[in-house]
Amino acid sequence: MKITVLNGSPKGDLSVTMQYVNYIMKKFPSHRYETINISPPIMKIESDRKRFDEIISKVRASDAVIWATPVYYLLVPSQYKRFIELVFERKAQGAFKGKYAAVIVTSIHFFDHTSRNYLHAICDDLNMNYVGAFNPDMFDLMSGRNRKKLETFGAALFSAVETGARAPRTYPPIVYKSKQYKPGPVKKPLDPGGNIVAVITDCSDPNSNIGRMIERFSRAMSGMVKIINITGMGAKAGCSGCCRCGLDNICIHNDNFAEAYDSQVKTADIIIFAGTIKDRYFSSDWKLFLDRSFYNGHVPMLPDKQFGVLVSGPLGQVPALREMCEAMVEMQRSNLAGFVSDEADSASVDTHIDGLAKKLLDFAAAGYIQPQSFLGVGGKKIFRDAVWGRLRFVFQKDHEYYRTHGGYDFPQKDYKMRRLNFVMMLLTKIPRIRKEIRKRIPQEMVKPLQNIVKNK
Ligand SMILES: Cc1cc2nc3c(=O)[nH]c(=O)nc-3n(C[C@H](O)[C@H](O)[C@H](O)COP(=O)(O)O)c2cc1C
């Protein structure tokens, strides 16, 4: 059996993810494997058509493809995303059609599901035979139980190829015909007051729908909007994943990106993400912007801000993109005022943009940050535990931040509750009291809240 491994790690052979693939190779030595590092040479793959075609020929000649990649900012690294875009742009989908596909994503389990599901959807879009995904924590390979799981996963892949198994498509194809958005006049332009409003975008064409949405939004804000073009922020390459920034928050890339990020993005009060959907996410340029912000570590680097999202494309058909934006904003401890897409007619898009502009300013004036959902609450706990534990000595700046900003809010520190629990646990050992507590749980649970409603 011929297996092509498309390695998405910017670290190439030094990849954690690749150790999982290497383990499969070791345990199933009868197959022929070819590993192709996609991310470090992505610029060459893009500029040298011959190199791209060679990779595609290898895929065409294989029985199965393993998509192996780390999770970067809830998805895959920007370089890997660019490769996926090239496959579609250069109409190379045919090489993938009918091939068996497996996904291996390693991470610290922060939105690994969105990354895994994205690749699954891409496999579906490429009409591949998707077998499944293996999404371990980056160090799971250290335990025998997890190695056994990996072997079972590998066996399932090879068995599917051998038996010609077929799985149903999970993600329906995106069916979308873009309408031209023609912005209308703004009836009542709003004054942003002292707020710095910044639109971050990869848009290079002011006549595209997203270009027009940005222009319309800017007029809604009386033109007092700063446009930050990602491609002009000085990034010479995507994140290399080295994690050397963890010690001092200093990126190894010798370019101006971090400086531009600090001076332009962090200083804004209201931030708009604006982009066009490419496959099932924003563009790889957008992804590069997010990946490169990693020099800030696992802390809220854009706190207490208002966010909005302008999207050109079928946002309604990619709910995962919405969820990822929500998660990113919640992790910043900021507020997401809303999304506007160009799926509606032009007049409605105008109304939605005006509504978003008003909401952003109203929320900014009130200092409103909506309560976090599972996305932010769960994500924060994953980071907290990781920085407290195994990430600490590499991500020293994170540790410093968590220590000084109450980040280590482990519930164990709630001494009042621990005492209460201790007493109540003892009391519930007495059958009569246990019975009484059982009876009173519903009313006692709501009582403190009722008191607030009554007295405040
Ligand atoms: C820029 C960057 C972004 C990351 N984003 C995530 C993330 O969103 N979720 C997560 O669980 N881990 C994230 N990680 C951790 C990596 O996914 C993890 O360390 C992975 O195992 C690295 O694999 P590799 O060595 O194959 O590149 C990120 C790491 C980097 C460098």
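These legends go with four close-up views of a predicted model.

**View 1. The chain splits into four parts, domain 1 to domain 4.**
Start at domain 1, which covers residues 2–163, then move on to domain 2 at 197–372. After that come domain 3 (375–411) and domain 4 (414–455). How far apart do the C-alpha centres of domain 1 and domain 4 lie? The answer is 51 Å.

**View 2. Helices α4 and α5 run roughly parallel to each other.**
Here you're looking at α4, made of residues 78–89, and α5, made of residues 112–125. Their axes come within 12 Å and cross at roughly 15 degrees. Angles under 35 degrees count as roughly parallel, so that's the label this pair gets. As for handedness, the crossing of α4 and α5 is left-handed.

**View 3. Side by side, α4 and α5 meet through residues from both helices.**
Which residues does α4 bring to the meeting? Look for Tyr-80, Lys-81, Ile-84 and Phe-88. On the α5 side, they meet Tyr-118, Leu-119, Ile-122 and Asp-125.

**View 4. Cys-242 and Cys-245 don't form a bond.**
A disulfide is a covalent bond between the sulfur atoms of two cysteines. To count as one here, the two sulfurs have to be within 2.5 Å. The closest cysteine sulfur to that of Cys-242 belongs to Cys-245, but it's 6.0 Å away, so that's too far for a bond. In fact, a search of the whole structure turns up 0 disulfides. Is Cys-242 buried or partly exposed? With 28% relative accessibility, Cys-242 is partly exposed. Cys-123, by contrast, is buried, with a relative accessible area of 0%.

Notes
Residues are numbered from 1 along each chain as its sequence is written. This is a predicted model: local features need pLDDT of at least 70, side-chain atom pairs count only at pLDDT 80 or more; totals for chains, interfaces and linings use all residues. Side-chain values use heavy atoms; hydrogens and water are left out. Domain bounds come from an automatic or database domain assignment. Buried means under 20% relative accessible area, exposed over 50%, partly exposed in between (1.4 Å probe, protein chains only). Axes are lines fitted to C-alpha atoms, for helices over the stretch in contact, and angles run from 0 to 180 degrees between N-to-C directions. Helices (H or I, at least four residues) and strands (E, at least two) are DSSP runs, numbered from the N terminus. Angles under 35 degrees count as roughly parallel, over 145 as roughly antiparallel, 65 to 115 as roughly perpendicular and the rest as oblique. A crossing is left-handed if the near helix is turned anticlockwise from the far one by less than a right angle, and right-handed if clockwise. Contact means heavy atoms within 4.5 Å.
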